[in-house]
Amino acid sequence: MINPTATLLISCPDQRGLVAKIANFIYANGGNIIHADQHTDFAAELFLTRIEWQLQGFNLPREFIAPAFNAIAQPLGAKWELHFSDTVPRIAIWVSRQDHCLLDLIWRQRAQEFAAEIPLIVSNHSNLKAVVEQFGIDYHHIPITKDHKAEQETQQLELLQQYKIDLVILAKYMQIVSADFIAKFPQIINIHHSFLPAFVGANPYHRASERGVKIIGATAHYATADLDAGPIIEQDVVRVSHRDEVDDLIRKGKDLERVVLARAVRLHLQNRVLVYGNRTVVFE
């Protein structure tokens, strides 16, 4: 996009006149709305919306938009986020031994499929160091041990601050991130197979094959203190049959994990995901 835009993600108690009030804020300040989407969750009595407008010709300087809109949002009881399209987020990818999601994200970033920088890779293993350094990305090996996990997470947090990271992607990072860490850095996207909770633990594809499953899938979600149960951003499935061996299931699962994670990251970076409670609205 040549002309930069601003995007508001808003959730508030449902009430009359919300669309008019929000749109009028932009119109009254000379803005041109280019995308607007909304959803009402009647069970939760919530109104949720994403509205994007061009900054060219907008009367308010960027630094004044947030306080000006807050004067409108407060009486509505609204929660809101303001994003600018020309802000380039900085991503840290966390990985263990598997490289399929890691390499896919690096390739997509270099192919400019999404606008972001990837200055940092963190791993609890060293086996991918040589692969990552080919791309000129810093690789930090931080082994995780039960007795020293708090110290190691402190080291990870320091790296995120040092590299000015905006988003962490758990690209098959096979360690549990503590609730304390997530409280300090909540912007985390995770990917996993969708056999949970039926096949928890090791060798899920083997046990799924033994059970004769007919569908396998992948889920990308925001990380929360409740392991693998955070707000879901994206999912997909593929059918399998009796002809598929365990290796076929694993290959198809990896393909899904790559695509689902890439979609979730792209949606997040485009500010199309609005979280409320343990759910999301995804404005595509």
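Reader: What counts as a pocket or a cavity here?
Author: On a 1 Å grid over the protein atoms alone, a pocket is an open point set with protein on both sides within 12 Å along at least five of seven lines, a cavity is a set where a 1.4 Å probe fits but cannot get out, and lining residues have an atom within 4 Å of a point. The model is predicted, with pLDDT of at least 70 needed for local features and 80 or more for side-chain atom pairs, while totals for chains, interfaces and linings use all residues. Numbering starts from 1 along each chain, and side-chain values use heavy atoms, without hydrogens or water.

Reader: How many residues line the largest pocket, and which lie nearest its centre?
Author: The lining of the largest pocket has 46 residues, with His83, His268, Leu269, Gln270 and Asn271 nearest the centre. The volume of this pocket (space filled by probe spheres on the points) is about 1,200 Å³.

Reader: Which elements give two or more residues to that lining?
Author: They are strands E1 (5–13), E3 (46–54), E4 (79–84) and E12 (273–276), together with helix H8 (246–269). Helices are DSSP runs of at least four residues, and strands of at least two.

Reader: And the chemistry of the pocket lining, by class?
Author: There are 24 nonpolar, 13 polar and nine charged residues in the lining of the largest pocket. Asp, Glu, Lys and Arg count as charged, Ala, Val, Leu, Ile, Met, Phe, Trp, Tyr, Cys and Pro as nonpolar, and the others as polar.

Reader: How many cavities of 30 Å³ or more are there?
Author: The structure has one cavity of 30 Å³ or more. The largest cavity holds about 30 Å³ of space, and Trp94, Ile144, Lys149, Glu153, Gln156, Tyr173, Gln175, Ile176 and Val177 line it. Helix H5 (residues 149–162) supplies the largest share of that lining, three residues. By class, the cavity lining has five nonpolar, two polar and two charged residues.

Reader: Changing topic: how do the axes of H1 and H2 cross?
Author: The axes of H1 (residues 18–28) and H2 (residues 62–76) come within 11 Å and cross at roughly 165°. H1 and H2 are therefore roughly antiparallel (over 145 degrees).

Reader: Which residues make that contact?
Author: Leu18, Lys21 and Phe25 of H1 meet Ile65, Ala68, Phe69, Ile72 and Leu76 of H2 (heavy atoms within 4.5 Å). The contact of H1 with H2 comprises seven nonpolar residues, one charged residue and no polar ones.

Note on methods:
Axes are lines fitted to C-alpha atoms, for helices over the stretch in contact, and angles run from 0 to 180 degrees between N-to-C directions. Angles under 35 degrees count as roughly parallel, over 145 as roughly antiparallel, 65 to 115 as roughly perpendicular and the rest as oblique.
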